[in-house]
Structures are given as C-alpha cells and as structure tokens.
Amino acid sequence: MVDASGVAFEMRGLTADFPWPVIRSVHYRPGADEKVLMVAVVHVDGRVFECVVNAKRREESQAWFAELAAVLAHYRPMG
C-alpha cells in the first residue's frame, strides 16, 4: 500500500510500515510471472526491503504497474 504516510508491505498477516521520512527511494518492476509486481523500498540507511505483489489476473498487475509512478509522485513528498 502506498499512501500519504508512506509505504506498507503485508505478508501472511505481518505488516512492515515505512514512513516517508525513512524512505530513500521506491523501485518497482514487473515480475517473471505476468501476475506479479515486484516492489522495493530503499531505507535511508541503505537497507532494501522487497515485496512481491500478486494479482489475480495479468491485467490487474499491468494496471498497478502503469499507475504506480503517478501514485508515488502524488504521495511522496519532495519527489
């Protein structure tokens, strides 16, 4: 999830929250499986946290990929 407070990864009931002040950058790319989106948060101290986002359909994953740059630009302060 990306929102005004930052980026959150959730997996098997566990959540990792990354508020914008601790994020150096966010990277993303399509996965090898067409229904997967790979997202990585780079922490200001250099650590990298990755998450695999699974969609039910390929079209859903492609839509997320196409929209993520605009979402990040909207929420991320100072670029």
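**Strand pairing, salt bridges and overall dimensions**

Phe9 has Ala16 of β3 as its bridge partner. This pair belongs to a predicted model, in which strand β2 (residues 6-11) and strand β3 (residues 14-19) run antiparallel and are joined by six bridges. The two strands form a hairpin with two residues between them. Within that turn, Arg12 adopts a positive phi of about 50°.

Strand β2 also pairs with strand β1 (residues 2-3), again in the antiparallel sense, over two bridges. Here Val2 stands opposite Val7 of β2. The connection from β1 to β2 is a hairpin of two residues. Strand β2 is thus paired with β1 and with β3.

The secondary structure of the protein chain amounts to six strands and one helix. Their order along the sequence is β-β-β-β-β-β-α. Helix α1 comprises residues 58-75, while β4 covers residues 23-30 and β5 residues 36-43.

Four salt bridges are present in the structure. One of them is formed by the side chains of Glu34 and Arg58, with an N to O distance of 3.2 Å. Because Glu34 is in the loop between β4 and β5 and Arg58 is in helix α1, this pair ties together parts that are 24 residues apart in sequence. The two partners fall into separate accessibility classes: Glu34 counts as exposed at 52% relative accessibility, and Arg58 counts as partly exposed at 33%. The value for Glu34 is assigned to the exposed class because that class begins over 50% relative accessible area.

Another salt bridge links Glu59 to Arg57, the closest N and O atoms being 4.0 Å apart. This distance is at the cut-off, since a salt bridge requires the nitrogen within 4 Å of a carboxyl oxygen. Glu59 is partly exposed, at 42% relative accessibility. The residues Glu34, Arg57, Arg58 and Glu59 are linked in a network of salt bridges.

A further salt bridge joins Asp45 and Arg47, with 2.9 Å between the closest N and O atoms. Both residues are partly exposed: the relative accessible area is 47% for Asp45 and 45% for Arg47.

Glu60 is also located in helix α1. With a relative accessible area of 26%, Glu60 is partly exposed. A polar atom of the Glu60 side chain lies 3.0 Å from the backbone nitrogen of Lys56. The C-alpha atoms of Glu60 and Val36 are separated by 9.4 Å, although these residues are 24 residues apart along the chain.

At the level of the whole chain, the radius of gyration is 12 Å, which agrees with the value near 12 Å for a compact globule of 79 residues. The C-alpha trace spans about 35 × 25 × 20 Å along its principal axes. Of the 79 residues, 29% count as buried. Among contacts between residues at least 6 apart in sequence, 30% join residues at least 24 apart. The protein chain exposes about 5500 Å², of which carbon and sulfur atoms supply 57%.

Key
Residues are numbered from 1 along each chain as its sequence is written. This is a predicted model: local features need pLDDT of at least 70, side-chain atom pairs count only at pLDDT 80 or more; totals for chains, interfaces and linings use all residues. Side-chain values use heavy atoms; hydrogens and water are left out. Helices (H or I, at least four residues) and strands (E, at least two) are DSSP runs, numbered from the N terminus. Buried means under 20% relative accessible area, exposed over 50%, partly exposed in between (1.4 Å probe, protein chains only). Two strands pair if DSSP finds at least two bridges between them. A polar contact is a pair of N or O atoms within 3.5 Å; within protein, one must be able to donate a hydrogen and the other to accept it, and residues adjacent in sequence count only if both atoms are side-chain atoms. The radius of gyration is taken over C-alpha atoms; the globule rule is 2.2 Å times the number of residues to the power 0.38. Contact means heavy atoms within 4.5 Å. Accessible areas come from the Shrake-Rupley method with a 1.4 Å probe; for residues, only the protein chains shown count as cover.
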